[in-house]
Amino acid sequence: NKEHQDYYENFFDLFAMAGWKQLVEDLESSAGDIKVRDLADAKALHIAQGKLDILERLVSFQDRIRNSYDQIVLEEALGDD
């Protein structure tokens, strides 16, 4: 499907850019800056957990897109048999 192919190729182009790599490094650094032991109360802990969840989703986005694409390619290859 051309639309799906373009979708994934656009992401692969993005992931190849230096700016993407820089963004991921900054996000990983930001996640490392969140110190759970320094949190004052349960509310601060929940906020920190939310931040960490968002940062993790962004950092792992490239892997999730690649895995999704690889799964589609594999399913298409198996369907051709």
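Helices here are DSSP runs of at least four residues, numbered from the N terminus. By that naming, Tyr-7 is found in helix H1. Welcome to this structure, which is a predicted model. Aromatic rings are a good place to start, with a count of ten aromatic pairs. After them come the nonpolar core, the third helix and a few residues in the loops.

**Aromatic pairs in helix H1**

- One of the pairs joins Tyr-7 and Phe-11 in an edge-to-face arrangement, with 5.0 Å from centre to centre and 85 degrees between the planes.
- These two residues sit four apart in helix H1 (residues 2–15), so about one helical turn separates Tyr-7 from Phe-11.
- Another pair brings together Phe-11 and Phe-15, and this one is stacked: the centres are 6.0 Å apart and the planes are 15 degrees apart.
- Phe-11 and Phe-15 are also four residues apart in helix H1, so about one helical turn lies between them.
- Is Tyr-7 buried, partly exposed or exposed? Tyr-7 has a relative accessible area of 41%, which makes it partly exposed.
- Phe-11 and Phe-15, for their part, are both buried.

**The wider ring cluster**

- Which residues do ring pairs link into a cluster? The members are Tyr-7, Tyr-8, Phe-11, Phe-12, Phe-15, Trp-20, Phe-61 and Tyr-69.
- Tyr-7 and Tyr-69 are 62 residues apart in sequence, while their C-alpha atoms are 10.0 Å apart in space.
- Phe-12 has a charged companion: Arg-66 lies over the face of its ring, 4.2 Å from the ring centre.

**The largest nonpolar core**

- Seven residues make up the largest nonpolar core: Tyr-8, Phe-11, Phe-15, Trp-20, Val-24, Ile-65 and Tyr-69.
- Two or more of these residues come from each of H1, H2 and helix H4 (61–79).
- Helix H1 gives the largest share, with three residues.
- Trp-20, a member of this core, touches Leu-14, Phe-15, Leu-58, Phe-61 and Gln-62, when residues up to four places away in sequence are not counted.

**Helix H3 and its ends**

- Helix H3 runs over residues 42–59, and its 18 residues should span 26 Å at 1.5 Å a residue.
- The C-alpha atoms at the two ends of H3 are 25 Å apart, which agrees with that expected span.
- What caps the N-terminal end of H3? Asp-41 does, with a side-chain oxygen 3.3 Å from the backbone nitrogen of Lys-43.
- Beyond the other end of the helix, Ser-60 lies in the loop between H3 and H4.
- Ser-60 has a relative accessible area of 13%; because that is under 20%, Ser-60 counts as buried.
- A polar atom of the Ser-60 side chain lies 2.9 Å from the backbone oxygen of Glu-56.

**Leu-45, a residue of H3**

- Leu-45 is found in helix H3, and its relative accessible area of 30% makes it partly exposed.
- Setting aside residues up to four places away in sequence, Leu-45 touches Val-36 and Leu-39.
- How many residues along the chain lie between the positions of Leu-45 and Ala-18, counted as their separation? They are 27 residues apart, and their C-alpha atoms are separated by 33 Å.

**The loop between H2 and H3**

- Ile-34 is found in the loop that connects helix H2 (18–33) and H3.
- When neighbours within four places in sequence are left aside, Ile-34 is in contact with Ala-48, Lys-51, Leu-52 and Leu-55.
- From Ile-34 to Gln-49 the separation is 15 residues in sequence and 9.3 Å in space, C-alpha to C-alpha.
- Leu-39 lies in the loop between H2 and H3 too, and it is partly exposed, with a relative accessible area of 29%.
- With neighbours within four places in sequence left aside, the contacts of Leu-39 are Ala-44, Leu-45 and Ala-48.

Notes:
Residues numbered from 1 in each chain as written. Predicted model: local features only at pLDDT ≥ 70, side-chain atom pairs only at ≥ 80, totals over all residues. Heavy atoms only, no water. Phe/Tyr/Trp six-rings, centres within 6.5 Å; stacked < 30°, edge-to-face > 60°. Buried < 20%, exposed > 50% of the residue type's maximum accessible area, 1.4 Å probe, protein only. Lys NZ or Arg CZ within 6 Å of the ring centre and 35° of its normal. Expected span 1.5 Å × (residues − 1). Polar contact = N/O pair within 3.5 Å; in protein donor to acceptor, adjacent residues only side chain to side chain. Contact = heavy atoms within 4.5 Å. Core = buried A, V, L, I, M, F, W, Y, C linked by side-chain atoms within 4.5 Å.
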